[in-house]
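Me: I would like to learn how to read sheets and charged pairs in a model such as this one. Could you take me through them step by step?

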Amino acid sequence: MSSSDSTVSRRGFLTAAGGAAVTAALAGCSGNGTDDQDNGDSEDSTLLRYGRGSHSTTLDFQNSTSGEVAKVTENLYDKLIDFVPGEATLREGLATDYSMDGQTVSLTLREGVTFHDGEEFTAQDFVATYRRFTDSDYEYYAGDDYVSAYGNFTLGNWIEDIQVDGDYEMTIELSQQYAPFFRNLAMFPSAVHSEASIEEYGTDLQSNANGTGPFELETLDDGNEQIRLSANEDYWGEGPHVDELVFVTVGENSTRAQSLGSGELDIIDGLGAQSAQQVEGFDNASLERKEGINIGYMAFNLSSIEQFQDRRVRQAISYAIDTESIVEEIYAGVAVQASQPLPPNLLGYNEDLDPYPYDPDEAQQLLDEAGYGDGFSFELATFQNPRAYNPSPLQTAETVSSNLGEVGIDVEINQQSFGPFLEYTAEGRHDACFLGWMTDNADPDNFAYALLHPQVEADQLTEGQDWVSFDTEGFNTSNRAGWANREYMDLVEEGQRSLDDAEREELYNEAMQIAHDEAPWVYLDYAEELRGVANRVQNYTVATISGPYLNYVSVE
């Protein structure tokens, strides 16, 4: 359902009420975290209110690469394997035991788990979920235009076969030895749908969520950009410790922060420097901060703009953009300059690489050498709402435009809301675009392969060309640059196959050197993860991987 003024409920279609403002969207919710409205619930029921900058355009984790979608679906669905909240350590999920021997993976599944509709979870649910995501021969395959780029690089490229022994034993044969496989199973798009729901709803799982997670869908209100969940009383794991959870969209950072200070919200994310300072000034809330595992960047679409196909032009633009000023003045105190696709706290980060310095003279010289000394023009697509890796996208875009104007390059800014922006850039309609990535699994493969490997067959690549068209069969649309450097690709593929950390470290170091020198992106920043948390909220952990784990949270 895509209508912007409708509301979807698991109990049927409800009439949307209230305005888009925070107070209207949370009508009936008092500042102490309880619901005082007479709606058949206990007056003592507890409500947790989570404020963010963008709405979830779908509740089907196979239909999106958006972290905003993951924030909600992580609380509705479970995965076979999960992360310890706030850590990179794996733990049991719907699988109670898992092991890998070469290319053979064995899993024992948890018994006694039920979906929100009461159906029992079995191995067949995972098989149906996997096939819906990756198998075009499956009757209920969601379709090439529906499934996200995660389908291939998370599971599809690696699983050769799945054998089921009864309801709770599975053996997965991999197509090759693949080091990050268990971490991929812990990623949000690897959660488990109900086979019955797949067969009943098809792609309508965008709005008919039915998971095994700690919360159940009550209302998906696209008109007011609000999603309301209720506690799953039959949840197999810990919690939840609140009766209701509501995700509220507040586009402006400062407004979201003020809503925390006034008691209208309990947890907020997507904070920039100014809104973080607001939160630090509140008596009723605190600013929680943690080193992120992310990258913010500007991708050149090599398949769209001829000038970008020349490495010297990409390097020139990297020199012409003052990323130091962006980080220090716009993202003040919440980020540092980036030098490569991998963030500093991941295996394979190359410590010998420095960010491109701001050097307009060097930029002009490179443009002259490339034959573009008189400049050219391109469109820069950006999202409107703040992201952790780019808390002030419009101001950043304006700075980029101003910097490039100094070397004769004219930049037209095309700003869009996040959902349409992701679709626009995934289709390759951009010239260049801002984007970023917050790790799904804390493995270098999740950046190096997921974002900059085209994932097409070698015979689909043109000799002597380091880019590929977005309409190439099997192309990885998360590679918004369309970059296809063979030496880089070989190193990253070797890194996937190796189970030796020292060898992987060396391989990714080499790959990062190539990515730095070839500059398919302008490397902008590595950002901290910031959250505003009301004092009445207990047991909340800032998670840089997966989550948010809101089933652990209670409200006083």
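Reply: We take the sheets in turn and then the salt bridges, keeping in mind that this is a predicted model.

Me: In what order do the strands of the six-stranded open sheet lie, and what kind of pairing do they show?

Reply: One reads such a sheet from one edge to the other. Here the order is 16-20-15-19-17-18, with mixed pairing; strand 16 (335–337) and strand 18 (410–416) are the edge strands, each pairing on one side only. Neighbouring strands are turned against each other by 25° on average, direction ignored.

Me: How many bridges join strand 15 to strand 19, and which helix packs on this sheet?

Reply: Strand 15 (residues 294–300) and strand 19 (residues 432–438) run antiparallel and are joined by seven bridges, and within this pairing Met-298 has Phe-434 of strand 19 as its bridge partner. The helix is helix 12 (residues 393–405), which touches strand 15, strand 17 (377–383), strand 18 and strand 19, and whose direction makes about 170° with that of strand 18.

Me: Which strands stand at the edges of the four-stranded sheet?

Reply: That open sheet has the order 6-7-9-8 and antiparallel pairing. Strand 6 (95–101) and strand 8 (159–165) each have a single partner strand, so one side of each is left without a neighbour in the sheet. The twist averages 15° from one strand to the next. Inside the sheet, five bridges join strand 7 (residues 104–109) to strand 9 (residues 169–174), with Met-170 in strand 9 as the bridge partner of Leu-107. Helix 3 (residues 123–134) lies across strand 7, strand 8 and strand 9, at about 160° to strand 8.

Me: How should I read the salt bridges, and how many does the structure hold?

Reply: Side chains of opposite charge can pair when their charged atoms come close. The structure holds 21 salt bridges; among them is the pair of Arg-314 and Asp-466, at 3.6 Å from N to O. Arg-314 lies in helix 9 (residues 311–320) and Asp-466 in the loop between helix 14 (445–452) and helix 15 (486–497), so the pair ties together parts that are 152 residues apart in sequence.

Me: Are Arg-314 and Asp-466 buried or exposed?

Reply: Buried means under 20% relative accessible area. Arg-314 is buried because its value is 0%, and Asp-466 is buried because its value is 17%.

Me: Which residues are linked in a network of salt bridges?

Reply: The network links Arg-52, Glu-68, Lys-71, Asp-269 and Arg-387.

Terms used: Residues numbered from 1 in each chain as written. Predicted model: local features only at pLDDT ≥ 70, side-chain atom pairs only at ≥ 80, totals over all residues. Heavy atoms only, no water. Pairing = 2+ DSSP bridges. Helix = DSSP H or I, 4+ residues; strand = E, 2+ residues; numbered from the N terminus. Axes fitted to C-alpha atoms, helices over the stretch in contact; angles between N-to-C directions. Contact = heavy atoms within 4.5 Å. Salt bridge = Lys/Arg side-chain N within 4 Å of Asp/Glu carboxyl O. Buried < 20%, exposed > 50% of the residue type's maximum accessible area, 1.4 Å probe, protein only.
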